[in-house]
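User: I would like to go through this structure and ask how each label is earned. Please set the values against the cut-offs as we go.

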Amino acid sequence: MAEPPAKKPRTEAGEAETPAPAPAIEAAEPEPEVEKEADAKPLSGPSVSGPVTFYTQDTTMNVMKSSAGNMLVPLTDGGLTYLCAGARANVGIKSGRYCFEFKIVEFLNFVEDTNARLRVQVPRTQLRVGVATEGSCLFVGETVDSVGFDSEGHFLHNKTKTACSQKYAADVVTVVLNLEEGSENANTISLFKNGQRASPPQPLPDNLKGKALFPAVTFKNVSVQYNFGPSTLASLPFKCHTVAEAAKADVTKLAEPKGQGEAIFPVCLPDEGTFDWLDMFLEQNPSYAELSDRAILQWAERSGITKATGYNVRSSNDKPEMGFGVMHLDDYSIRRALQSVVPLQGRNVVVMEVKSNLLKEERKELVSKFAGLPLKKKAVVMMKSPPAAFKKRSQELALKQKQEAVNLEHQAKLAEEKRQRLAEKKAKELEKQKAKVARRVEKEKAVIAKKVEFEKKKAEAKEAGLTEEQMKEQEAQNAQELEAIMADSGSEDAAAEEAAEEDPMDEDPPTAELTDEEKQRTFRKLQVPDLTTYTFNTNFMKFSLPEKDEGFDEISFDWAKEGACQSFMKEWKQQLKTTTRVEDIKPGEWFNGRFREWQKTLQSWHAKANGYKALIAKKAAEKQAREAKRAALAAAKEAKEKAEAEKKAAAAAAAAAAAAAAAAASAEGEKKEEGTEEGTLKEEAKEEEKEEVKEEKEEKEEDLESDANEDEAAAGAAADFEEMDVFAVEDITDIGRGQPLFSAFGFEDWTMMSLRYEFHLLCHSFRKDVDDPDRIGIHLEHLPFYYNKYYKKTLNHKLYGVDTVGELLDMFRDTVFISKKTKVLEPMLPEELESSGIFVMLTEAARRDRNIRFDLGDESAKLKLSQPGVGSMGMVPQAPAMVRPVVPVRPLTPAGVRPGFPVAGASPAATYRPPAPVPVPVRPGQPWTGAPGNNTWRPQTAWRG
């Protein structure tokens with residue numbers, strides 16, 4: 001048996017000695033990669049002439065180039081600190097292998113608020129180096145025309161990032177572009193950091209092969225030093241020529257801009273090819289930069305700044321909302337800074353301001369920013385008929401836009417079909433699983449049944465005395481039967497799996513085509529207008545063509561001559577006057593005065609209607625009192641007759657009893673005396689009864705005569721009222737017996753009369769307040785807008801039971817109408833009226849006409865106004881303007897007496913109390929106060945002292 005291992009000796013502290021560490025095994029260092037780039041051979045032939053640098057036109061507007069030291073510095077005022085700067089060199093490499101260097105020499109630190117840090121997720125400082133084609137985007141890696149490396153260690157191309165290199169900061173970074181035929185690294189680009197390789201060679205995209213590639217740099221909040229040679233800042237592991245040493249045959253050098261720069265101010269009518277012309281111009285003239293809010297948004301998007309609402313959501317193209325949620329990005333500090341700096345750079349620029357370039361004062365202000373500088377200030381006017389090339393491009397863009405919409409719709413349709421297929425597939429899979437489980441259960445039941453059957457047969461075989469061979473044969477047969485059951489189940493599962501359907505292949509979207517109407521359009525219709533509706537409506541009348549005295553060096557009319565443009569703009573304005581609204585119109589004194597008078601008149605009519613209805617109610621109450629009195633008298637008479645009958649019956653019974661009791665008395669004198677006294681009493685009773693009957697008859701005849709007179713008068717008045725000519729009435733407040741012409745008005749009649757007058761007054765007031773003979777009236781489309789402007793309330797045609805404003809106006813054809821030619825609201829009544837009673841007459845005539853039509857079976861004659869406080873599903877709709885609900889009549893009190901106070905001349909305890917209010921319906925049609933649109937009424941159920 002082996003001896004146990006010896007115990008470890010303890011140290012003085014009582015612990016075992018620590019075993020000596022095992023000798024470390026040195027890890028084998030990876031073999032350094034063999035640099036495949038060979039030393040460059042001496043160049044032959046002439047080299048590139050002139051300096052390799054950055055032209056101003058090939059830099060973003062926030063780049064300032066140092067006069068010495070080869071440095072590029074970004075502007076960081078306000079929102080510019082969030083935007084990237086970009087530059088592209090003037091020499092492009094076509095062949096050979098060349099290098100160029102960049103180095104961050106300064107980090108520009110700034111105080112950034114927390115909100116901005118949360119919303120702007122891109123690094124505060126960054127540097128991208130690479131190459132790009134001529135005229136491409138100035139931001140490295142943003143499009144298919146450039147590639148490069150960023151300071152975070154990514155390779156960039158067409159907005160995609162691939163981790164491939166080391167990060168760098170204040171290091172010398174060298175870019176090696178290898179276009180050398182036959183080289184192992186041909187058509188690759190590599191990055192070196194402080195002279196050491198920082199990334200493996202990255203192959204160039206196919207679309208960049210065979211093109212001249214220009215050194216490019218993109219940076220933010222850093223100052224960058226650039227070096228194109230001939231010497232290098234950091235030595236590479238191999239010899240490589242710099243761009244400044246390049247052979248003339250291997251490169252393409254851009255011509256240096258000569259002469260003064262040019263600032264172009266396009267003058268175009270809104271939505272008539274403005275930005276389409278600009279895009280076409282910039283494509284043909286890549287040396288020009290766009291100075292506009294649209295360009296600033298595109299710049300922010302390419303700088304990696306996210307926008308919560310997205311970059312396509314905007315109210316106008318000329319002045320889109322920034323909406324970044326960052327103060328310095330939303331305060332338009334970028335625009336102000338660029339308008340100050342760009343004129344100093346001497347670059348070619350297009351100042352794209354649609355509205356400002358059409359307004360003389362704003363035009364002069366823009367041009368003044370370029371005054372005193374060696375820049376040519378040119379106004380380019382594009383109006384009337386564009387050239388054929390522009391029309392063709394406009395059609396192409398319209399077709400492209402329509403095709404994109406068709407593609408989106410097709411994709412949505414495919415996505416929905418796919419979703420339905422997946423749902424159906426999931427349901428089928430569920431059914432298959434259920435069927436599979438059911439088959440498994442059936443199989444298990446069959447197996448159990450077979451086993452029970454086999455055991456029974458086995459027991460019977462033993463009893464029958466079968467031999468072992470016979471038993472084995474029977475067991476083998478049983479096993480075969482079980483295998484057959486299992487095989488059938490497996491075949492069913494396999495068949496179910498084979499029956500699975502394959503997803504159909506996606507179809508290509510249909511090809512979009514322009515309609516005949518779209519082909520006839522000169523300018524395509526954009527999804528977003530150039531100007532907002534308010535801006536357009538408040539400024540288009542002030543649009544003008546540029547003039548030399550505004551500071552322009554040249555004015556060019558590209559589409560039509562100056563005279564034709566002047567005539568076109570005049571006709572354009574005239575046409576718009578009837579279709580655009582006056583945003584800043586205000587009701588004048590004439591309107592306010594007439595409207596106040598109407599309100600006072602309407603209030604007096606309401607009071608008159610209330611008084612007449614109170615009188616009718618009083619007469620009805622008196623009649624009801626008389627009927628009640630007659631009923632009481634009849635009841636009293638009936639009670640009296642009943643009492644007398646009972647009295648007579650009692651007297652007869654008493655007389656019979658008295659006769660029986662006095663049977664023994666036979667004195668003839670006594671009997672005679674009693675008969676005489678009883679006869680006297682009967683005569684007196686008969687006389688009293690006759691007097692009462694006579695009085696009752698007289699009272700009944702008087703009541704019947706009074707009721708007959710009242711009924712006859714009421715019937716006669718009703719017949720006269722319905723038959724009278726409403727337009728022949730001299731006094732609408734009393735057509736006879738104190739009855740006003742508007743006595744039959746209901747809620748809907750007061751509402752319609754108020755709206756009838758409001759439309760009449762609005763027509764005439766608009767012409768006075770607009771003070772423009774070319775604006776002949778209110779366009780149908782803008783009627784709700786002007787109605788709200790004048791009456792401070794919404795014109796909701798739905799409350800009047802119609803679907804459109806035009807249908808609502810059809811209900812007032814006796815007052816206003818819509819011109820078929822101009823679609824303008826025209827009045828039927830003159831401006832000056834002798835009395836406002838004409839509106840009562842018109843309303844009463846309309847009421848009678850509706851009643852007649854309704855009686856003849858015309859259901860459409862019935863008004864469907866929404867009465868305040870009554871709505872569908874328990875909801876209270878907005879009441880039509882200037883309509884109050886039914887309120888009771890305020891009771892009259894003695895002159896100088898306040899309710900609840902003693903009445904003069906009465907006893908101290910006598911106190912006046914208002915009678916119970918009579919709920920007489922009042923259909924007011926306007927607010928209580930004289931201020932237009934004051935709808936602050938509250939419904940009341942009783943008058944409160």
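User: Which residues does Leu83 touch, not counting residues up to four places away in sequence?

Analyst: This is a predicted model. In it, Leu83 touches Asn62, Lys220, Trp299, Ala300, Ser303, Ile305 and Ile334, with residues up to four places away in sequence left out. Contact here means heavy atoms within 4.5 Å. One of these partners, Ser303, is 220 residues from Leu83 in sequence, while the two C-alpha atoms are 5.6 Å apart in space.

User: Why is Leu83 called buried?

Analyst: Its relative accessible area is 2%. Buried means under 20%, so Leu83 with its 2% counts as buried. Leu83 lies in the loop between strand 2 (71–74) and strand 3 (85–88).

User: What makes helix 3 mostly covered?

Analyst: Helix 3 spans residues 293–302, and seven of its 10 residues are buried. Those buried residues are Asp293, Arg294, Ala295, Ile296, Leu297, Trp299 and Ala300. Their cover includes helix 2 (274–284), strand 19 (289–291) and helix 5 (333–345). After helix 3 comes Gly304, which has a positive phi near 85°.

User: Which residues are linked with Asp293 in a network of salt bridges?

Analyst: Asp293 is linked with Lys319, Arg335 and Glu353 in such a network. In general, side chains of opposite charge can pair when their charged atoms come close.

User: What makes Asp58 and Arg88 a salt bridge?

Analyst: The closest N and O atoms of Asp58 and Arg88 are 3.3 Å apart. The rule asks for a side-chain nitrogen of Lys or Arg within 4 Å of a carboxyl oxygen of Asp or Glu, so the pair qualifies. This salt bridge joins distant parts of the chain: Asp58 is in the segment before strand 1 (63–65) and Arg88 is in strand 3, 30 residues apart. Both Asp58 and Arg88 are buried. By this rule the count comes to 34 salt bridges.

User: How do you know that Glu517 forms a salt bridge with Arg521, and are these residues buried or exposed?

Analyst: The closest N and O atoms of Glu517 and Arg521 are 3.9 Å apart, and the limit is 4 Å, so the pair counts as a salt bridge. Glu517 has 56% relative accessibility and counts as exposed, because exposed means over 50%. Arg521 has a relative accessible area of 35%, so Arg521 falls in the partly exposed range.

User: Why is Lys209 called partly exposed, and what is Asp206 called?

Analyst: Lys209 has 39% relative accessibility, so Lys209 counts as partly exposed. Asp206 has 63% and therefore counts as exposed. The side chains of Lys209 and Asp206 meet in a salt bridge, at 3.3 Å from N to O.

User: How do you know that Lys573 has no salt bridge?

Analyst: The nearest side chain of opposite charge, Asp774, is 10.0 Å away from Lys573, which is buried yet has no salt bridge. Lys573 is found in helix 11 (residues 562–577). Leaving aside neighbours within four places in sequence, Lys573 is in contact with Phe540, Met541, Lys542 and Phe543.

User: What makes Phe839 buried?

Analyst: The relative accessible area of Phe839 is 0%, and the cut-off is under 20%, so Phe839 is buried. Its place is in helix 17 (residues 837–855). With residues up to four places away in sequence left out, Phe839 touches several others, including Trp598, Met753, Arg756, Tyr757 and Thr815. The C-alpha atoms of Phe839 and Thr815 are separated by 8.7 Å, and the two residues are 24 apart along the chain.

User: Which residues gather with Asp508 in a patch of negative charge, and why is Asp508 called exposed?

Analyst: Glu417, Asp506 and Glu507 gather with Asp508 in that patch on the surface. Asp508 has a relative accessible area of 69%, so Asp508 is exposed, the cut-off being over 50%. Asp508 lies in the loop between helix 8 (468–498) and helix 9 (516–520).

User: Why is His410 called buried, and what does His410 touch?

Analyst: His410 has 11% relative accessibility, which is under 20%, so His410 counts as buried. His410 touches Glu507, Asp508, Pro509 and Pro510, not counting residues up to four places away in sequence.

Key
Residues numbered from 1 in each chain as written. Predicted model: local features only at pLDDT ≥ 70, side-chain atom pairs only at ≥ 80, totals over all residues. Heavy atoms only, no water. Patch = residues over 30% accessible without salt bridge, like charges linked within 9 Å, V, L, I, M, F, W, Y side chains within 5 Å. Areas by Shrake-Rupley, 256 points an atom, 1.4 Å probe, with all protein chains shown as cover. Lys, Arg positive; Asp, Glu negative; His and termini not counted. Charge placed at Lys NZ, Arg CZ, Asp CG, Glu CD. Helix = DSSP H or I, 4+ residues; strand = E, 2+ residues; numbered from the N terminus. Buried < 20%, exposed > 50% of the residue type's maximum accessible area, 1.4 Å probe, protein only.
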